[in-house]
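Trainee: I'm new to this one and would like a close look at a single part. Could you walk me through the space inside and what sits around that space?

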Amino acid sequence: MKKKVIFICSNGGHLAQIRELAPLFERYDYLLVTEEAENTLPLRDKYRMRYLRGRSEGQSRNLQFYWSLIVNSVRSLKILIGHRPSVIITTGSHTAVPMCYLGKLLGARVVWILSFARINSRAFSADIVHPIADRFIVQWPAAQTLYADSVYLGGGIY
């Protein structure tokens with residue numbers, strides 16, 4: 001029986017990075033979880049997919065952002081109960097936070113891969129998940145100084 005793994009990320013660059021891990025998908029009973037958007041819906045033809053609510057336009061953390069966080073927490077819990085992963089692997093961002101915390105409560109290990117774009121700066125969602133992550137991977141040597149116990153594997157970790 002294959003180990004159950006959830007790969008989760010926000011849409012955009014985070015999804016592009018998680019898709020670099022696609023060769024690993026064959027080794028696991030996996031689910032790819034991302035935000036539901038026009039550009040992510042066609043991915044269900046290629047991958048085992050589940051969708052969460054997408055972030056509203058812009059970067060503001062308004063009422064709609066917090067409502068999406070609540071909705072995604074409920075959806076994440078349903079996905080976790082249905083799939084029962086032993087590991088959650090994420091490249092971030094905000095979409096992955098509820099899944100990581102709920103998964104950890106249900107006994108899953110959490111692996112966070114800090115975005116390739118993060119060289120000298122921290123990420124808010126990474127800051128939130130870092131304390132519970134079983135493995136925290138960075139892709140730049142300078143980023144390793146930002147997060148205690150992080151593991152530098154270089155930019156070609158995929």
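Trainee: By class, how many nonpolar, polar and charged residues does the lining of the largest cavity have?

Mentor: Sure, and keep in mind that this is a predicted model. The lining of the largest cavity has three nonpolar, five polar and two charged residues. Let's start with the space itself. There is one cavity of 30 Å³ or more in the structure, and the volume of the largest cavity is about 70 Å³. If you wonder how such a gap is found, rolling a probe the size of a water molecule over the atoms shows where empty space is left.

Now for the walls. Going along the chain, the lining takes in R53, G54 and R55, then F65, S68, L69 and N72, and finally H94, T95 and P98. Helix 3, which covers residues 63-83, gives the most to this lining, with four residues.

Let's pick one wall residue and stay with it: H94, which is part of the lining. You'll find H94 in the loop between strand 4 (87-92) and helix 4 (96-105). Is H94 buried or exposed? H94 counts as buried because its relative accessibility is 17%, under the 20% cut-off. Its side chain makes two polar contacts you can look up: one with the side chain of E35, at 3.1 Å, and one with the side chain of T95, at 3.4 Å. T95 is itself on the lining list. Setting aside neighbours within four places in sequence, H94 is in contact with S10, E35, R55, F65 and S125. Two of those names, R55 and F65, are lining residues as well.

Step over to S93, which is in the loop between strand 4 and helix 4. S93 counts as buried too, since its relative accessibility is 18%. Leaving out neighbours within four places in sequence, S93 is in contact with S10, H14, W112 and S125. Look back at H94 and you'll see S10 and S125 among its contacts. With S125, S93 also has a polar contact, side chain to side chain, at 3.4 Å.

Next, follow the chain into helix 4. Its buried residues are A96, V97, P98, M99, C100 and G103, and of these P98 also lines the cavity. What do they pack against? Their partners are strand 1 (4-9), strand 2 (29-35), helix 3, strand 4, strand 5 (109-113) and helix 5. Here's a handy bit of background: an α-helix has 3.6 residues a turn, so residues three or four places apart point the same way. After helix 4 comes G107, whose phi is positive, near 100°.

One of those buried helix residues deserves a last stop: C100, with a relative accessible area of 0%. Why is there no bond between C100 and its closest cysteine? The closest cysteine sulfur belongs to C9 and is 11 Å from that of C100, so the two are too far apart for a bond. The count for the structure is zero disulfides. C9 is in no disulfide either, its nearest cysteine sulfur being that of C100. C9 counts as buried, at 0% relative accessibility.

For contrast, try P131, in the loop between helix 5 (124-129) and strand 6 (135-138). P131 counts as exposed because its relative accessibility is 62%.

Key:
Residues are numbered from 1 along each chain as its sequence is written. This is a predicted model: local features need pLDDT of at least 70, side-chain atom pairs count only at pLDDT 80 or more; totals for chains, interfaces and linings use all residues. Side-chain values use heavy atoms; hydrogens and water are left out. On a 1 Å grid over the protein atoms alone, a cavity is a set of points where a 1.4 Å probe fits but cannot get out, and a pocket is an open set with protein on both sides within 12 Å along at least five of seven lines; lining residues have an atom within 4 Å of a point. Grid points are joined across faces, edges and corners, and a volume is the space filled by probe spheres set on the points. Helices (H or I, at least four residues) and strands (E, at least two) are DSSP runs, numbered from the N terminus. Ala, Val, Leu, Ile, Met, Phe, Trp, Tyr, Cys and Pro count as nonpolar, Asp, Glu, Lys and Arg as charged, and the others, Gly among them, as polar. A disulfide is a pair of cysteine sulfur atoms within 2.5 Å. Buried means under 20% relative accessible area, exposed over 50%, partly exposed in between (1.4 Å probe, protein chains only). A polar contact is a pair of N or O atoms within 3.5 Å; within protein, one must be able to donate a hydrogen and the other to accept it, and residues adjacent in sequence count only if both atoms are side-chain atoms. Contact means heavy atoms within 4.5 Å.
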